[in-house]
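Please keep the structure open beside this note and find each element as it is named. The points can be read one at a time.

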Amino acid sequence: MSVNAQTVERENLGLTAIPQQPSIGAEIPGIDLRLPLTDELREQVRRLLLRFKVLFFRDQDITRAQHIDFGRKFGDLDVHPLVQADEPIIQAISAERFRKSAASVKAYTNRWHSDETFRSVPPIASILRAIEVPDIGGDTLFADATAAYDGLTDEVKERIEKLEAVHSLAHGFAWYKSQKWEQLNSQYPPVTHPVVRLHPDTGAKVLFVNSVFTSHIVGLDQAESEGLLAHLNAQFTRPEYQVRFKWRKGSLAFWDNRASQHYGVWDFGDATRELERVTIKGQLPQR
């Protein structure tokens with residue numbers, strides 16, 4: 001089935017999906033997330049997520065509790081190890097917090113990544129909700145990790161097929177300073193994941209390295225590892241694999257963390273940008 005801006009996906013349930021780009025991203029109008037999802041609607045959203053990798057919902061005036069309830073429809077929710085809040089299951093993505101450390105913007109916000117791949121079992125998905133956003137700027141880009149793999153040459157595909165890479169919290173959050181840092185490093189030691197991951201629900205091959213948490217490729221010397229990682233990470237910067245989402249208050253983005261990467265664009269100066277995220281517990285990456 002061809003995908004274009006007028007495509008309507010219903011799957012016999014009535015939800016509409018409007019693709020935003022041929023490879024990744026669809027807007028889902030006509031659903032009110034203040035209302036509990038029926039099992040049929042939940043399954044419809046799940047199938048559309050697998051198809052488009054990231055779904056966008058507009059004008060959702062929901063509470064934190066409703067945000068959490070929506071996330072729990074798709075699995076148990078997780079807590080990010082760096083979250084320190086009264087409601088830890090909600091992670092605040094706050095421009096003000098990042099501004100306290102210029103290094104944090106460069107090291108984390110302005111780089112392509114999948115969430116929390118430093119975990120032995122990274123998240124399945126995340127749901128991010130806009131609380132207050134700039135009038136101009138502050139968009140989020142998403143890239144299709146399946147397309148990134150498919151676009152590699154046969155020679156590179158063969159080279160990376162059986163390789164593993166190390167992912168590390170310390171590598172991704174070297175800028176972060178806390179009294180808990182030693183404890184966190186002990187709790188989340190470096191882990192290895194396959195460079196090419198098999199998506200458990202679609203069967204697609206996925207490029208599963210990223211520029212934030214992946215430190216090196218196992219079995220290669222430093223120069224070879226750095227060169228190969230640079231080549232692989234560059235695939236996510238290709239516009240034909242990307243969709244760009246402009247936030248408005250009440251917008252939500254729901255992405256498959258196994259099949260995509262994202263990049264928060266820091267181009268809004270001193271404007272306010274406040275978002276909140278829930279994260280769905282994951283599955284062990286397999287090849």
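The points below go from the whole chain to single helices, strands and sheets.

1. Before anything else, please bear in mind that this is a predicted model. The chain has nine helices and 16 strands, and of its 287 residues 53% count as buried. If we take the contacts between residues at least 6 apart in sequence, 81% of them join residues that are at least 24 apart. The accessible surface of the chain comes to about 13200 Å², and 49% of that surface belongs to carbon and sulfur atoms.

2. A good place to begin is strand 14, which covers residues 252-256. Five of its five residues are buried, and strand 14 is therefore largely enclosed by the rest of the structure. Which residues lie on each side of strand 14? On one side are L252, F254 and D256, while A253 and W255 are on the other, and all of them are buried, so that both faces of the strand are covered.

3. The partners of strand 14 can be named as well. Strand 3, residues 54-57, pairs with strand 14 in the antiparallel sense over four bridges, and within strand 14 it is F254 that stands opposite L55. Strand 6, residues 125-132, also runs antiparallel to strand 14 and is joined to it by five bridges, with A253 of strand 14 as the bridge partner of L128. As a reminder, the strands of a sheet pair through backbone hydrogen bonds, in either a parallel or an antiparallel way.

4. Helix 2, residues 64-72, has H67, I68, F70 and G71 among its residues, and these four are buried. They cover an arc of only 160 degrees around the axis, which means that they lie on the same side of helix 2. The buried residues of this helix pack against strand 3, strand 4 (77-78), strand 6, strand 14 and strand 16 (274-280), so please look for strand 14 of the earlier points here again.

5. Helix 9 allows a simple check of its length. At 1.5 Å a residue, the 13 residues of helix 9 (residues 222-234) should span 18 Å, and this agrees with its end C-alpha atoms, which are 18 Å apart. The buried residues of helix 9 are S225, L228, L229, L232 and N233. Seen down the helix axis, they fall within an arc of 130 degrees, and so they line one face of helix 9. Their packing partners are helix 6 (154-160), strand 11 (205-207) and strand 12 (214-217).

6. Strand 12 also belongs to an open sheet of three strands, in the order 9-8-12 and with antiparallel pairing. Strand 9 (191-194) and strand 12 are the edge strands, each pairing on one side only, and neighbouring strands of this sheet are turned by 35 degrees against each other on average, direction ignored. Strand 8, residues 164-167, is joined to strand 9 by four bridges, and H193 in strand 9 is the bridge partner of A165.

7. Another open sheet has three strands in the order 13-7-15, again with antiparallel pairing. Why is one side of strand 13 and of strand 15 left without a neighbour in the sheet? Strand 13 (242-245) and strand 15 (260-264) stand at the edges and each has a single partner strand, so one side of each has no neighbour there. Here neighbouring strands are turned by 20 degrees against each other on average, direction ignored. Four bridges connect strand 7, residues 140-144, with the antiparallel strand 13, in which F245 stands opposite T140.

Definitions and conventions: Residues are numbered from 1 along each chain as its sequence is written. This is a predicted model: local features need pLDDT of at least 70, side-chain atom pairs count only at pLDDT 80 or more; totals for chains, interfaces and linings use all residues. Side-chain values use heavy atoms; hydrogens and water are left out. Helices (H or I, at least four residues) and strands (E, at least two) are DSSP runs, numbered from the N terminus. The expected span of a helix is 1.5 Å times one less than its number of residues. Buried means under 20% relative accessible area, exposed over 50%, partly exposed in between (1.4 Å probe, protein chains only). The arc is that of the directions from the helix axis to the C-beta atoms. Contact means heavy atoms within 4.5 Å. Two strands pair if DSSP finds at least two bridges between them. Axes are lines fitted to C-alpha atoms, for helices over the stretch in contact, and angles run from 0 to 180 degrees between N-to-C directions. Accessible areas come from the Shrake-Rupley method with a 1.4 Å probe; for residues, only the protein chains shown count as cover.
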